[in-house]
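This report is a guided reading of one protein chain, meant to be followed with the sequence and the structure side by side. Please keep both in view, and look up each residue as it is named.

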Amino acid sequence: MDYKNILLASHGTPGAKVAEVATFEISCSDTTLHHLIVVPDFWKGMLGDDWLNNAITQIRYGNYVEGELEKEIQENINRVSTAAETQNIAYHYEVMLGKPAECLLKVANASHFDLVVIGSPRPKNKEGLKSRMHCETLLFGLSIPLLIIPYPKNDV
């Protein structure tokens, strides 16, 4: 198939990176790639107020967490945009804060995409935060094809 407008949900984890690779494998030079990065809403209140004992320390910690998230997001954008540029693919990105499946549905249903690409959930034996993409929500809410790329056997 020839996909002209692809929505890629990727946030830099090993599962998301294989979704990126798969997206570029099915893209052609006239593809437009919309890269969605969802910051799960559990980060919103991450101030450490349950263990930091004064307001200034909480603010500094909150600023630190926010800075680290911004750095990771920018690295993700740079990696994917560079790959898109290498393949002469039009690239756009969007960053949202919220529940991953709900954000993806909002973006997917607000535009005309041919395909949505995501990585599969992280296996239980792999370390890391699980942002809990609810695939059933996507399956019932999308009106376009959804491609779920299997988790890599070896981390990317």
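The model is a predicted one, and the predictor's confidence, expressed as pLDDT, averages 86 over the protein chain, with 87% of the residues scoring at least 70. When the elements of the chain are ranked by their mean pLDDT, β1 stands highest with 97, while α4 has the lowest value, 87.

**Overall layout**

The secondary structure consists of four helices and five strands, and if you follow the chain from the N terminus, you will meet these elements in the order β-α-β-α-β-α-β-α-β. Of the 156 residues in the protein chain, 39% are buried. Among the contacts whose partners are separated by 6 or more positions, 78% join residues that lie 24 or more positions apart. The accessible surface of the protein chain amounts to about 9,400 Å², and carbon and sulfur atoms account for 53% of this area.

**Strand β1 and its partner**

Strand β1 is mostly covered, since four of its five residues are buried. This strand pairs with β2 in the parallel sense, and the pairing extends over five bridges. One place to look at is Ala9, whose bridge partner in β2 is Leu36. In a regular strand, the side chains alternate between the two faces of the sheet.

**Two nonpolar cores**

The largest nonpolar core has 21 residues, and those with the most contacts inside it are Leu8, Phe24, Leu33, Val80, Tyr91, Val117 and Ile149. The elements that contribute two or more residues to this core are β1, α1 (14–26), β2, α2 (55–86) and β4, and the greatest contribution comes from α2, which supplies six residues. A second core, separate from this one, has 16 residues, including Leu7, Ala101, Ile118 and Leu142.

Tyr91, one of the residues with the most contacts inside the largest core, touches Leu33, His35, Ile77, Val80, Ser81 and Ala84, if residues up to four places away in sequence are left out of the count.

**Helix α3**

Helix α3, which spans residues 100–109, is mostly covered, with seven of its ten residues buried. These buried residues are Pro100, Ala101, Cys103, Leu104, Leu105, Val107 and Ala108. What do they pack against? Their neighbours are the strands β1 (5–9), β2 (32–40), β3 (90–98) and β4 (115–119), together with the helix α4 (135–141).

**Four residues to examine one by one**

The table below lists four residues with their relative accessible areas.

| Residue | Relative accessible area | Class |
|---|---|---|
| Ser120 | 18% | buried |
| Asn88 | 57% | exposed |
| Ile73 | 16% | buried |
| Asn76 | 1% | buried |

Ile73 has its place in helix α2, and because buried means a relative accessible area under 20%, its value of 16% puts Ile73 in the buried class. Leaving aside residues up to four places away in sequence, Ile73 touches Ile37, Val39 and Val95. Ile73 and Ile37 are 36 residues apart along the chain, yet their C-alpha atoms are separated by 7.5 Å.

Asn76 also has its place in helix α2, and its relative accessibility of 1% counts as buried. A polar atom of the Asn76 side chain lies 3.0 Å from the backbone oxygen of Ser10. With residues up to four places away in sequence again set aside, Asn76 touches Ser10, His11, Gly12, Glu20, His35 and Ile37.

Ser120 is found in the loop between β4 and α4. Is Ser120 buried or exposed? At 18% relative accessibility, Ser120 counts as buried, because the cut-off for this class is under 20%. A polar atom of its side chain lies 2.8 Å from the backbone nitrogen of Tyr151. Tyr151 also appears among the residues that Ser120 touches, which are Ile148, Ile149, Pro150 and Tyr151 when residues up to four places away in sequence are not counted.

Asn88, finally, is found in the loop between α2 and β3. Its relative accessible area of 57% makes Asn88 exposed, because exposed means over 50%. The backbone of Asn88 deserves a look as well: its phi angle is near 60°, a positive value in a residue other than glycine.

Terms used. Residues are numbered from 1 along each chain as its sequence is written. This is a predicted model: local features need pLDDT of at least 70, side-chain atom pairs count only at pLDDT 80 or more; totals for chains, interfaces and linings use all residues. Side-chain values use heavy atoms; hydrogens and water are left out. Buried means under 20% relative accessible area, exposed over 50%, partly exposed in between (1.4 Å probe, protein chains only). Contact means heavy atoms within 4.5 Å. Accessible areas come from the Shrake-Rupley method with a 1.4 Å probe; for residues, only the protein chains shown count as cover. A polar contact is a pair of N or O atoms within 3.5 Å; within protein, one must be able to donate a hydrogen and the other to accept it, and residues adjacent in sequence count only if both atoms are side-chain atoms. A nonpolar core is a set of buried Ala, Val, Leu, Ile, Met, Phe, Trp, Tyr and Cys residues joined through side-chain atoms within 4.5 Å. pLDDT is the predictor's confidence in each residue, from 0 to 100. Two strands pair if DSSP finds at least two bridges between them.
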